[in-house]
Amino acid sequence: MSSTSRDRHLKIIDAALLGAKVVKDASECGPVLAPLKGVAGIVITILETVRDMKTNKEDWTTLVEHLSIQIKGMQDNLSRCPTPHSTSLLLAVNSYEQKLRNVLSNVRLASARGPAGGIFRHRINKEEILQFNRDLKIFWNDFIREISIQTHETVYRVEKDVNKVERDVEKVEKSVNRVQYGVKRVEKDVHKIKHGVNRVEMSMDAMGDESHISKLTPVLGATGEDHDICLYGTRTAVLGPIRQWANDPTTPQVRWLTDVAGAGKSTIAKHLSTEWKEQGRLAGCFFFDKNRPDATNKTGFCDTIAAQLANNQPQLRSLITQGIKEIGPILSVGPFEEKLQKLVIRPMETVSLVLVIDALDECNERDRIIILCHLLSCLSQVPQLKVLITSRPERDIVQLLDTYRSRTESLHDVELKSNRDDIAAFVKHKMRGLVRSSELTNEEVDRLARRVNCLFILASTTCRVVEDSPDPHVAVEELLNPNQDLLRDINTLYSTILMKACKANQDGQSSTSKTRELLRVLKAILAARTPLTVSMIDSLLGIKNTRRLVGFLSSILNVRSDEVVLILHPTFREFLEDPGVAGLFYIDMTEAHTLMAKGCLETMKRELCFNICQLESSLTFNKDVPDLDERISKYISKELQYGCISWLDHIVNSRGTSHDTEVDVALLRITKDGYLLFWIEVVSALGKIPKAIKGLQDVERCHLVRLMI
């Protein structure tokens with residue numbers, strides 16, 4: 001054998017030895033592969049024996065190559081078989097080991113036959129080596145077959161496992177999908193819950209705001225409920241410029257609409273405030289009104305505006321609530337400046353709104369100056385606020401508002417065609433029913449319209465007189481009679497209406513007696529601290545004919561559907577309080593208050609009693625009586641409620657008349673017989689303790705306390 005061939009042979013044997021040693025080392029890694037250790041040891045022994053042989057036959061080389069191939073194949077197949085190995089695989093390995101041992105034994109026997117005992121120093125029978133190769137091939141094929149079977153079984157099991165895993169994965173995916181769907185539903189539910197929580201929180205905030213805003217005491221009737229809006233198509237020359245002013249941020253913040261009494265200022269204020277409220281631009285409005293004493297001062301101004309502001313602009317409620325909290329328990333009697341700042345001005349700092357103040361001249365002079373001074377000083381804080389003020393041109397108001405005077409509108413100038421047209425449209429509208437029924441002609445209506453001198457109060461009162469007359473044609477002729485000149489001014493018309501009412505009320509009695517009876521009712525209406533109903537007037541005055549008497553005055557008094565009696569226009573009140581123009585119809589207001597004080601005291605003496613609301617226990621707080629309002633309505637009459645709230649005010653305003661002694665007697669009767677405790681019970685139930693305290697303080701200032709102790 002050549003040197004090159006021998007070297008190649010030795011390299012092959014070395015490679016086979018290395019592979020066999022690797023298998024042997026791998027088998028030592030765990031008990032499962034322990035059989036391989038024996039197999040690898042036998043192969044190593046054979047290879048080492050062959051390597052030591054000097055004889056280099058090709059057949060033996062083939063045997064070595066077969067062994068090398070089988071060793072490598074064993075490595076590859078075992079590496080592909082998953083662990084732990086099955087029993088059948090281990091049996092195949094053991095069988096292969098035994099067969100290799102047999103081959104090794106035969107090789108050793110063959111080597112022992114040569115001289116000197118070295119099997120590679122002698123020739124080996126060619127047939128024996130071939131037999132070794134055949135045996136190895138058979139053994140190897142058996143081993144590979146077992147490996148293949150094991151592999152197929154493993155693949156089958158793996159496929160089954162994979163299918164099962166796939167089914168499990170599919171189930172898991174379905175479960176995941178269900179979970180995801182559930183999560184989405186939960187997320188939606190959570191969103192709904194959050195939305196609900198937000199709504200609840202908003203509702204709670206709103207309830208909290210509402211509970212604080214309910215502490216405000218707005219003046220009833222001060223928002224213009226009793227006023228009408230302009231007839232469609234009229235007053236356009238007045239309304240147009242005011243609308244432009246309100247819409248133009250460059251114009252002054254204040255506009256003062258001023259004119260004589262009865263020119264229609266309140267109607268314009270009502271029309272515009274209604275319009276701005278519908279547009280969402282109204283902050284609030286306050287209509288001063290001598291019909292309502294609470295609407296003739298500054299006391300309820302801020303509360304009334306703030307309550308409207310909270311209602312008209314809900315986004316500002318929290319700011320108003322904050323102001324109420326800051327003012328605290330003195331809300332009802334807090335300083336005007338503080339209330340104006342915290343309840344009205346501060347909430348409007350960032351919004352564009354319009355504030356309407358009507359008939360400022362009907363507020364007492366001291367308070368209207370306070371209102372104007374504080375309001376004007378705060379305008380810089382609310383640069384987007386517009387303020388429309390209407391009033392007569394009273395001297396003190398002119399001094400403060402003259403620079404804001406609206407100089408483009410004149411409401412009663414007869415020279416302006418727009419005014420004449422507006423009056424004509426108004427009169428025709430009011431008289432249209434009589435024209436349709438042929439009780440009046442269009443010519444009579446036109447004459448009537450021309451005679452009222454473009455003064456709306458004169459026009460409206462004239463129309464009422466004609467409408468209430470049993471013969472409209474006769475009424476028009478009397479009103480247009482140039483000899484009587486009844487329409488020269490509103491005072492003349494008022495005198496005419498009162499004189500006709502006294503004649504209608506005579507009913508066989510003297511004119512003086514009926515006039516006195518009529519004036520008693522008018523005194524009660526003028527002196528009332530809150531508007532009275534027909535039945536309340538009857539009860540307080542001790543009469544039964546109030547309804548009939550006010551019926552004679554339907555052109556100057558208004559009886560609402562709830563039977564509250566109101567003066568239609570402040571000019572009638574001014575007429576009655578002016579002795580120079582009213583004549584025999586003049587009403588002295590101190591006498592009127594004396595009359596009402598006596599009526600209140602008599603009502604209290606007649607109706608007050610212990611536990612008037614029939615409570616189960618006098619230890620129960622008012623707030624803990626669930627049906628307190630129903631009990632008040634059932635057990636405390638409207639006239640008694642009025643008397644308990646207003647008697648002190650009437651007493652203070654009745655001082656200095658010749659009737660003081662009559663009031664003093666009634667007052668002593670109330671205070672000496674223990675009625676004051678019953679009175680306190682009523683004012684407590686009505687929630688009017690602060691007003692009662694103020695009334696007592698006013699009485700003390702008038703040095704009347706001595707009569708009550």
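## Notebook: a look through the predicted model

**Overall layout.** I started with the secondary structure and found 28 helices and six strands in the protein. I am keeping in mind that this is a predicted model. Next I looked up burial: 46% of the 709 residues count as buried. The exposed area of the protein comes to about 36300 Å², and 54% of that is supplied by carbon and sulfur atoms. I also checked how far apart contacting residues lie along the chain. Taking contacts between residues at least 6 apart in sequence, 75% join residues at least 24 apart.

**A nonpolar patch.** On the surface I looked up a nonpolar patch of about 360 Å², made by Leu677, Ile680, Ile689 and Ile693. The elements giving two or more residues to this patch are α27 (675-685) and α28 (689-701). I then picked out Ile693, which sits in helix α28. Why does Ile693 count as partly exposed? Its relative accessibility is 44%, and the partly exposed class runs between 20% and 50%, so Ile693 falls into it.

**His593.** I went to helix α23 (residues 589-607), where His593 has its place. Is His593 buried or exposed? His593 has a relative accessible area of 6%, and because buried means under 20%, it counts as buried. I then asked which side chain makes a polar contact with the side chain of His593. The partner is His650, at 3.0 Å. Leaving aside neighbours within four places in sequence, I listed the residues in contact with His593: Ala527, Arg529, His650, Asn653 and Ser654.

**Aromatic pairs.** My search of the whole structure gave ten aromatic pairs. One of them joins Phe286 and Phe301; this pair is tilted, with 5.3 Å centre to centre and 50 degrees between the planes. Phe286 lies in strand β2 (residues 282-287) and Phe301 in helix α8 (residues 301-312), 15 residues apart, and the pair links distant parts of the chain. I noted both Phe286 and Phe301 as buried.

I turned to Trp647 and Trp679 next: their ring centres are 5.4 Å apart and their planes stand at 85 degrees, so I wrote the pair down as edge-to-face. This pair also links distant parts of the chain, with Trp647 in helix α25 (residues 638-653) and Trp679 in helix α27, 32 residues apart. Trp647 and Trp679 are both buried.

Last, I followed the ring pairs around Phe286 and found that they link Phe286, Phe288, Phe301 and Phe336 into a cluster.

Key: Residues numbered from 1 in each chain as written. Predicted model: local features only at pLDDT ≥ 70, side-chain atom pairs only at ≥ 80, totals over all residues. Heavy atoms only, no water. Helix = DSSP H or I, 4+ residues; strand = E, 2+ residues; numbered from the N terminus. Buried < 20%, exposed > 50% of the residue type's maximum accessible area, 1.4 Å probe, protein only. Contact = heavy atoms within 4.5 Å. Areas by Shrake-Rupley, 256 points an atom, 1.4 Å probe, with all protein chains shown as cover. Patch = residues over 30% accessible without salt bridge, like charges linked within 9 Å, V, L, I, M, F, W, Y side chains within 5 Å. Salt bridge = Lys/Arg side-chain N within 4 Å of Asp/Glu carboxyl O. Polar contact = N/O pair within 3.5 Å; in protein donor to acceptor, adjacent residues only side chain to side chain. Phe/Tyr/Trp six-rings, centres within 6.5 Å; stacked < 30°, edge-to-face > 60°.
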